[in-house]
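Me: I'd like to go through this structure with you. Can we start with what holds the chains together?
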Amino acid sequence: MLGNMFEGFAWDLVWQFRATFLLGFLHTLETSVLAILLGLSLGLTFGLMSTCGKKWLVGIARVYVEFIQNTPLLLQVCFLYYALSFSGHGIGILATGIVSIGVYHGAYMAEVFRAGIGSIPKGQFESAESQGFGYFGVMRYVILPQCTKIILPPMANQIVNLIKNTSVLYIIGGSDLISLTYSFVTGVNTGGAYGPAYLICGLLFFGMCYPLSTLAGIWERNLKKRDQLSGALKE
Amino acid sequence: MGVMIRLSRVNKVFGDLHVLKDVNLEVNEGEKLVIIGPSGSGKSTTVRCMNFLEVPTSGKVFINGEELTLKNRLHIIRTYMSMVFQSFNLYPHLTVLRNLTLAPVKIHHKTEAEAEELARKYLRVVGLESKAASYPAALSGGQQQRIAIARALCQESKIMLFDEPTSALDPETIQEVLDVMVKLAKESNITMVVVTHEMGFARKVADRVVFMEDGRIIEEGTPEQLFDHPKSERVKQFLGKILQH
């Protein structure tokens with residue numbers, strides 16, 4: 001059985017249709033990059049809102065985070081796509097993917113930002129305020145730069161999860177890597193090459209995600225090393 | 001010589017705690033005012049109300065005649081005030097030099113070169129010119145506090161607030177910080193408000209000493225009046241305890 005799946009013809013078929021896989025790869029990359037940008041913007045915005053101390057802003061941020069985190073991404077994708085389509089305001093598969101996945105991970109990223117900002121001692125905020133920095137100056141020059149090394153690992157996690165979650169677009173007929181791979185292996189002319197097709201698909205995902213987590217790891221280690229160095233130079 | 005800071009019937013309430021009770025206080029331009037008193041007496045809250053790190057529950061704060069409000073707070077801080085904290089609060093992600101130049105560049109719109117010149121000048125004042133490239137974590141507590149003073153000086157403000165600047169320091173390093181503050185008090189025309197337990201410092205530099213207890217100003221006067229001839233029993237008792245150490 002397994003032998004069948006990896007027969008030579010299957011590999012030939014995948015090679016013949018390599019453009020399909022490349023297209024899926026590029027669509028997934030495109031969706032991911034734009035969804036990451038949207039997610040980070042929403043995450044930063046709502047993360048700042050939940051730490052700003054103004055009750056109504058904190059409330060809005062809580063509603064967003066809880067609502068998105070406690071409903072399935074698949075449902076959100078379907079809702080956005082079908083509900084909008086049937087009401088005549090369809091925004092297309094690509095935009096649906098970017099918005100729904102960006103909004104979904106934005107909620108998790110908001111929590112990452114909230115935790116990062118919350119871990120900075122109160123004295124840092126006061127120090128910057130006493131120098132005349134307004135809210136955004138305090139955040140930009142003093143608080144957020146200190147959050148980087150705390151935020152980095154969970155944020156890299158979110159980004160990798162986001163890329164993998166582009167696979168939910170299959171449900172609305174996306175042209176992302178998972179959807180195209182699935183169409184390929186079930187297609188009339190191309191069907192049957194399960195083993196190689198899924199393997200290639202997996203390798204392409206790995207090629208996107210692994211460098212990201214590795215880079216984030218290196219960046220984090222460098223930041224920590226700098227901390228140790230700066231502390232170790234004490235005379 | 002005008003009134004630089006005026007607190008008018010300032011009250012501060014934290015939950016059930018009434019921390020400041022109708023505090024009235026004036027600080028003249030160039031005056032060195034020291035606030036003493038037992039812990040929990042409201043002296044830190046008093047200075048923190050002066051730049052609205054704590055917003056008074058009621059009462060008014062005037063800086064150089066202008067009422068401090070949530071709206072003009074940033075403007076007034078930028079124009080008049082800097083602060084030195086008990087826990088230094090240097091920015092750990094920036095070098096000493098960047099700690100000093102951040103506000104001058106981002107707030108006071110100086111060029112990097114101007115700000116750096118300013119920073120080096122004040123690093124000389126606190127005797128830490130050689131530490132410009134270090135990160136705060138590499139410095140001792142006393143050095144960090146001297147850097148924090150230099151950072152405040154870089155704002156070139158008319159008013160400097162000190163909230164227990166030596167309370168978190170090792171006994172050995174307290175003196176180096178006090179020396180810098182004495183120098184500053186003697187040689188500059190900056191209006192200084194210092195909350196401290198260092199009576200020797202108060203005696204040496206204060207134009208006026210204020211004794212607070214339980215959210216109120218109990219007594220005020222020159223260091224001689226307050227330390228040598230205190231009027232109230234409570235001040236006598238407090239000084240007696242401090243001097244026994």
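Me: Which residue of chain A forms a salt bridge with B:R48?
Reply: A:E126 does, in this predicted model. The closest N and O atoms are 2.7 Å apart. A salt bridge here is a side-chain nitrogen of Lys or Arg within 4 Å of a carboxyl oxygen of Asp or Glu.

Me: How many salt bridges are there between chain B and chain A?
Reply: The count is 2. Over all chains, the whole structure has 21.

Me: Back to A:E126. Which side chain of chain A meets A:E126 in a salt bridge?
Reply: A:K122, at 3.4 Å, N to O. Both lie in helix 7 of chain A, 4 residues apart, about one turn of the helix. Helices are DSSP runs of H or I, at least four residues; strands are runs of E, at least two; both are numbered from the N terminus.

Me: Is A:E126 buried or exposed?
Reply: A:E126 counts as buried, at 11% relative accessibility. A:K122 is exposed, at 59%. Buried means under 20% relative accessible area, exposed over 50%, partly exposed in between (1.4 Å probe, protein chains only).

Me: How many residues does each chain bring to the contact?
Reply: Chain B brings 27 residues and chain A 22. Contact means heavy atoms within 4.5 Å.

Me: And how much area do the two chains bury between them?
Reply: About 2,200 Å², 52% of it on carbon and sulfur atoms. In chain B, B:Y91, B:H93 and B:A138 lose the most area to chain A, together 25% of what that side buries. Buried area is the accessible area (1.4 Å probe) lost when two parts are put together, summed over both.

Me: New topic. How many residues are in the largest nonpolar core?
Reply: It has 52, and A:F133 and A:I143 have the most contacts inside it. Helix 8 of chain A gives the largest share, 12 residues. Such a core is a set of buried Ala, Val, Leu, Ile, Met, Phe, Trp, Tyr and Cys residues joined through side-chain atoms within 4.5 Å.

Me: Which residues does A:F133 touch?
Reply: Among them are A:V138, A:Y141, B:L74, B:Y91 and B:L102, not counting residues up to four places away in sequence.

Me: Any ground rules on numbering and cut-offs?
Reply: Residues are numbered from 1 along each chain as its sequence is written, and chains are lettered from A and ligands numbered from 1 in the order written. Local features need pLDDT of at least 70, side-chain atom pairs count only at pLDDT 80 or more, totals for chains, interfaces and linings use all residues, and side-chain values use heavy atoms, with hydrogens and water left out.
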